[in-house]
Amino acid sequence: MRQTRSRLLHIAALTTAFAMSVTATLAWAWTGGTEQIGLPYGPSGDPTVTTSMAEVPAMSPPRPDHVSPLRQSTMPEPDLRTLAPTPTGSGSSSPTVAMPPYPGLPEQVLGTYRSPVVGGLAGPLLGGVPARYEAPDRDARPRKRCRTGAKLIPTCGVLWGVAPGAHTEEKSVRALAEFENKTGRHQAIFHAYHSGVRQLFPTPQEIAIAREPGRKRILLLNWKPESTTWAKIAKGDRRTDEFLDRLAVHLRKNFRERFFFAVHHEAEDQVRERSGSGYTARDYSAMFRHVVKRLRAKGATNVVTVLVHMAYVPHTTKSWFNHMYPGDDVVDWIGFDTYSYSDPGYGHGGFDELLNRRSASKPGWPGFYNWVRAKHPKKPLMVAEWGVWFSKRNPSHMAEFYREVGRQIRHFPAIKAMVHFETPGNHKGQDSSVDSTPAALREYRRLGRLPVFQVAVS
């Protein structure tokens, strides 16, 4: 009798163990076995596990080791084993788990992802062994999947982008591929610059960047007319109007996707407040209105306008600064360009200083972010150019600054997009390369993986 009971208990134990093994294997396949089951890719280029099979596309996505012709680069991928993992989230209400840096594991499956609760344990099951669950910062974890909505405003989170290879001769496709390669993620926004009334945009190269299979991007295109004064453009300059009409036709025929369009960014640097100059603050606002209304009248309805300021305190505190605003009906977003300086002095400080830079000589100026919130509370805010100017005298500042962005971004809810300006040397010789030091690159990679910056381009 005892032997029979012992055998029955043994069989029951084996059955239970087998069931738990199957459950663990299925859980691993659902959460971590991405290469085996071909999961769809999320907004950062990392695989995304969905809880509804209806969300899985009919066609299989490219494998993690697939390299699109648009992303070919001679630059090697940094050794992942030297990069510490960063807790991130997937936009789900499920637990978030930080994975250890397994040698040889593809970049696409590093990070975090959703995991069901199996056997009372929350976390992915790697090889049948439960990973340790680490609770993320609640404020850094989106409650739902973020994607672009009306006027490209994300439903939650912050769009992440770059102007790669600025002030260099490098082609935009290659510069973007190298930047994404070294930073380890897909960029939601690609920033490019145009001027004059000859070249139509987006160019074929920019269209290819926006439409890269599996890696859709939003274009942010800056345009400076430069053919005549703001005042003449506002009054209907013939050459400019002809160009705008051709541009509208080009957009209707070749590019119907929504894109960000900035008209003469950082214009306050060229304001000349004297009668007849053609470049007063009011001339600028009238020019901006004319350009936008002309394009819309000709059918360019996919243009999402961005008013991009220089955000330089000596300019923003001028009496004419408020006169530059073209009007709510033609401004969809408000943007500004701002940089952190590694050496003590003007522009040195943390993320809050970057967004609300002030001057002792103008104590009444609240800072650009605060000014926008007070004057235009309903407008989404874009940091259209940002970066850290590297200094050999203070090389640790760049990495420290990137860490602070991650800690403080939740305190600035009006910011809906951040676009890094990547250059090895501007006209002053300043370098904003995110890989200026190994520590800086590591922190920038971690920053880009935070849940708040995971927004799907739709």
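Student: Which residues line the second largest cavity?

Tutor: Before reading any detail, keep in mind that this is a predicted model. As a general idea, rolling a probe the size of a water molecule over the atoms shows where empty space is left. In this structure the second largest cavity is lined by A311, V313, T316, F336, T338, L354, L355, R357, W365 and F368, and the space in that cavity comes to about 50 Å³. The count of cavities of 30 Å³ or more is two.

Student: Which elements each supply at least two residues of that lining, and how do the lining residues divide into nonpolar, polar and charged?

Tutor: At least two lining residues come from each of α8 (313-316), β11 (333-341) and α9 (351-355). Sorted by character, the lining of the second largest cavity has seven nonpolar residues, two polar ones and one charged.

Student: How should I read the surroundings of strand β7, and why can it be called largely enclosed?

Tutor: The idea is to look at burial, where buried stands for under 20% relative accessible area. Strand β7 spans residues 189-195, and five of its seven residues are buried, so the rest of the structure largely encloses it. On one side of the pairing list, strand β6 (residues 159-163) runs parallel to β7 and is joined to it by two bridges, with G161 having I189 as its bridge partner in β7. β7 also pairs in the parallel sense with strand β8 (residues 218-224), over seven bridges, and there H194 has W223 of β8 as its bridge partner.

Student: Which helix joins β7 and β8 in a β-α-β unit, and is that unit right-handed or left-handed?

Tutor: The helix is α4 (residues 204-210), and the unit that it makes with β7 and β8 is right-handed.

Student: How many aromatic pairs does the structure hold, and how is a single pair read?

Tutor: The structure holds 31 aromatic pairs, and for each one you read the distance between ring centres together with the angle between the planes. F321 and W371 make a tilted pair, at 5.0 Å centre to centre with 55° between the planes. This pair links distant parts of the chain, 50 residues apart, with F321 in the loop between α8 and β11 and W371 in helix α10 (residues 368-375). Both F321 and W371 are buried.

Student: Why is the pair of Y402 and Y444 called edge-to-face?

Tutor: Their ring planes stand at 70°, with the centres 5.2 Å apart, so the pair counts as edge-to-face. Because Y402 lies in helix α11 (residues 397-408) and Y444 in helix α12 (residues 438-449), the pair ties together parts 42 residues apart in sequence. Y402 and Y444 are both buried, and they belong to one aromatic cluster whose members include W160, F179, F351 and W386.

Methods
Residues are numbered from 1 along each chain as its sequence is written. This is a predicted model: local features need pLDDT of at least 70, side-chain atom pairs count only at pLDDT 80 or more; totals for chains, interfaces and linings use all residues. Side-chain values use heavy atoms; hydrogens and water are left out. Buried means under 20% relative accessible area, exposed over 50%, partly exposed in between (1.4 Å probe, protein chains only). Helices (H or I, at least four residues) and strands (E, at least two) are DSSP runs, numbered from the N terminus. Two strands pair if DSSP finds at least two bridges between them. A crossover is right-handed if, with the strands pointing away from the viewer, the path from the first strand over the helix to the second runs clockwise. On a 1 Å grid over the protein atoms alone, a cavity is a set of points where a 1.4 Å probe fits but cannot get out, and a pocket is an open set with protein on both sides within 12 Å along at least five of seven lines; lining residues have an atom within 4 Å of a point. Grid points are joined across faces, edges and corners, and a volume is the space filled by probe spheres set on the points. Ala, Val, Leu, Ile, Met, Phe, Trp, Tyr, Cys and Pro count as nonpolar, Asp, Glu, Lys and Arg as charged, and the others, Gly among them, as polar. Rings of Phe, Tyr and Trp (its six-membered ring) pair if their centres lie within 6.5 Å; planes under 30 degrees apart count as stacked, over 60 as edge-to-face and the rest as tilted.
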